[in-house]
Structures are given as C-alpha cells and as structure tokens.
Amino acid sequence: MNDRKILVTVWGENRHEQLEPPVAARYPDGIHGAIAQGIAHNLGERVDVRTTTLDEPEHGLTEELLRSTDVLVWWGHEAHGEVSDEIVERVHDHVLAGMGLIVLHSGHWSKIFQRLMGTSCTLRWRAENDRELLWTVDPTHPIAQGVPHPMIIDREEMYGEFFDIPTPDEIIFLSTFSGGEVFRSGLTFRRGHGKIFYFRPGDQDYPTYFHEGVRKVIANGVEWAVTRRPERTAPVLLRYETGDFYNGLDYAGPLADRPVDVVGTPSA
C-alpha cells in the first residue's frame, strides 16, 4: 500500500464554468481541472489524479470508482440539492470505511459534509474582493508543511464565524479578512475509518486554485487523508467470546430486526 500511487478523484459541480463566461475564462479546464492540476504539480509521481462532475451518470461517483479512490476532493456551490441522496449515502459509506475526503470552500453546505458533520454547517459570508490572511495555528501538522505564514490571498470571498460545525479534531488554519472577521478555515475530522479535511479558500469568482500556497495545502491534505489499511471496511458491531480477542461475530442487521426473547434480549 505504501509503495503504490495515491488514487485521487476530484469531484466538481461544473456549473459556473458552463453558465458564466468569466468563470469559464478564469478556469478553462474547470475548477475541478485546476484543483487536479495543483495536486499533480505538487505530488508528481506519488499520485494518480482523475476528475468527475455532477452531470455524469451517477454524478461520476460509481461504486467502482469510489472503491478505487483513496482520497475524494469535493467542490460544489450552487447545485448541492441536485446531488442524489443515494450517491451521498454511497460516499458517506466509503468515508466510514476509510476513504479520505477533502471538502473545499462552498462544499461546507454540501449534503455529504452536512451528513458527516450532523449540523447545518452555516456561516456568514461577503463577496467583495476581500483580502484573506491565512494564519497557521498548528505549524507541526503535516498539512501545514511548506505553507507560508501567513498565506496572503489578495482577493477572495469572506467567510466568518459562527461556523456551525462540531468541534474539529484539529484546527490548522485561521483566516482573517478586510472587515475584521475571523474564520476557522483549515479543519480535520475523523469519521469511522475515514479522515476529513475542510479547507475554506476557493470561490469561483477568483483565481484561487492557481495560488501556489492554496495548491500546496490541498496537496498536503491529500497525503494526510490517506488511510493505510489492508482493506476498506466500515466499523461493525462485533461480539467476542471470552478469551477470544480476534474472531468477533458481527450482526447481520439492526438489533430490532432480530428475534428477541421474553425479556427483550436478542436471541442467538
């Protein structure tokens, strides 16, 4: 596992690029294309990067593709509601089983991020050419390596607190903006066997995904999010006999689906 390439899938909504000529000019290969190029540029032969988009069959996220994906990178904005609940559940299952997930910018409001966080994931925002200073608050973290402190993004959309998410496992970056706002902008979470990294910068109205610092952070996030396990399996409920530490017996379904005896204990 450690010797093979990291298999990365960059998923893009790909709507602004189709409908708005300025965005198409800014991102001629799509936002997803620019993100994929940045990952490949930084990680080189260590990765194999592919892209998929919303309008492909099954949103480009087939069971076969996800099963072969080590890290899924997600960018969406205006069409979150068009993502099928079935596909969201599929991605969710793969994260719990060990697939890494990187959620970028407006992906905070995607169905998959909300599903994994269990909160509204809302925030405050302003799109007025704000200057963003991205401060590293955890300089020893792998995702922060090689990243300027602070990273200066001259023109970006503002995100501000309160950001309605669970308490992160780690806060790596904190952003400040022209209006004085602050935002927790680089965060990690663990769900099941999967690792999740949320990274704030990247509005479609700015060339953020060509910024070398932003590209470096995303590439670092890809390497961090890989779960080194011999197989992709979700956590399961297991029963162990006394003295047997290795051969747990799993249940076929929820306890409510199994026959119970007169005192409410599941029958063997």
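These are my notebook entries on what I looked up in this predicted model.

**Entry 1. The largest pocket**

I began with the largest pocket and recorded a volume of about 300 Å³ for it. I then asked which residues lie nearest the centre of this pocket. I noted His77, Ser106, His108, Trp109 and Trp125 in that position, within a lining of 14 residues. I also sorted the lining by residue class and found five nonpolar, six polar and three charged residues. As to secondary structure, I noted that strand S5 (124–136) supplies at least two residues of the lining, and that strand S6 (151–160) likewise supplies at least two.

**Entry 2. His59 and its surroundings**

I turned next to His59, which I located in the loop between strand S2 (47–53) and helix H4 (63–67). Is His59 buried or exposed? I entered it as buried, because its relative accessibility is 12%, and the limit for that class is under 20%. I looked for a polar partner of the side chain and found the backbone oxygen of Leu54, reached at 2.9 Å.

I then listed the contacts of His59, leaving aside its neighbours within four places in sequence. The list holds Trp11, Thr52, Thr53, Leu54, Glu82, Val83, Ser84 and Ile87.

I checked the backbone as well. Phi of His59 is near 55 degrees, which I marked as a positive value in a residue other than glycine. I made a similar note for Glu58, which is not a glycine either and has a positive phi of about 55 degrees. Glu58 is placed in the loop between S2 and H4.

**Entry 3. The salt bridge of Glu58**

Glu58 led me to the charged pairs. How many salt bridges does a search of the whole structure find? I recorded 19. As background, I noted that side chains of opposite charge can pair when their charged atoms come close.

One such pair joins Glu58 to Arg90, with the closest N and O atoms 2.7 Å apart. This pair links distant parts of the chain, for Arg90 belongs to helix H5 (residues 85–96) and Glu58 to the loop between S2 and H4, 32 residues apart. I compared the accessibility of the two partners. Arg90 counts as buried because its relative accessibility is 14%. Glu58 counts as partly exposed because its value is 40%.

**Entry 4. Further salt bridges**

I looked up Arg190 and found a salt bridge with Asp169, in which the closest N and O atoms are 4.0 Å apart. Here too the pair links distant parts of the chain: Arg190 is in strand S8 (residues 182–191), and Asp169 is in the loop between S6 and strand S7 (170–177), 21 residues apart. I classed Arg190 as partly exposed, with a relative accessible area of 37%. I classed Asp169 as partly exposed as well, with a relative accessible area of 44%.

I then examined Glu128, whose side chain meets that of Arg126 in a salt bridge at 4.0 Å, N to O. Glu128 counts as exposed because its relative accessibility is 57%, and the class requires a value over 50%. Which residues are linked with Arg126 and Glu128 in a network of salt bridges? I entered Asp130 and Glu181 as the other members of that network.

**Entry 5. Cis peptide bonds**

I searched the backbone for cis peptide bonds and noted two examples. The bond from His149 to Pro150 is cis, with omega near -5 degrees. I placed Pro150 in the loop between S5 and S6. The bond from Glu161 to Phe162 is also cis, with omega near 25 degrees. Phe162 lies in the loop between S6 and S7.

**Entry 6. Pro235**

My last query concerned Pro235. Where does Pro235 lie? I found it in the loop between helix H7 (212–225) and strand S10 (238–239). With neighbours within four places in sequence left aside, Pro235 is in contact with Leu96, Gly192 and His193. I also looked up the separation of Pro235 from Ile165, which stands 70 residues away along the chain. Their C-alpha atoms are separated by 23 Å.

Methods. Residues are numbered from 1 along each chain as its sequence is written. This is a predicted model: local features need pLDDT of at least 70, side-chain atom pairs count only at pLDDT 80 or more; totals for chains, interfaces and linings use all residues. Side-chain values use heavy atoms; hydrogens and water are left out. On a 1 Å grid over the protein atoms alone, a cavity is a set of points where a 1.4 Å probe fits but cannot get out, and a pocket is an open set with protein on both sides within 12 Å along at least five of seven lines; lining residues have an atom within 4 Å of a point. Grid points are joined across faces, edges and corners, and a volume is the space filled by probe spheres set on the points. Helices (H or I, at least four residues) and strands (E, at least two) are DSSP runs, numbered from the N terminus. Ala, Val, Leu, Ile, Met, Phe, Trp, Tyr, Cys and Pro count as nonpolar, Asp, Glu, Lys and Arg as charged, and the others, Gly among them, as polar. Buried means under 20% relative accessible area, exposed over 50%, partly exposed in between (1.4 Å probe, protein chains only). A polar contact is a pair of N or O atoms within 3.5 Å; within protein, one must be able to donate a hydrogen and the other to accept it, and residues adjacent in sequence count only if both atoms are side-chain atoms. Contact means heavy atoms within 4.5 Å.
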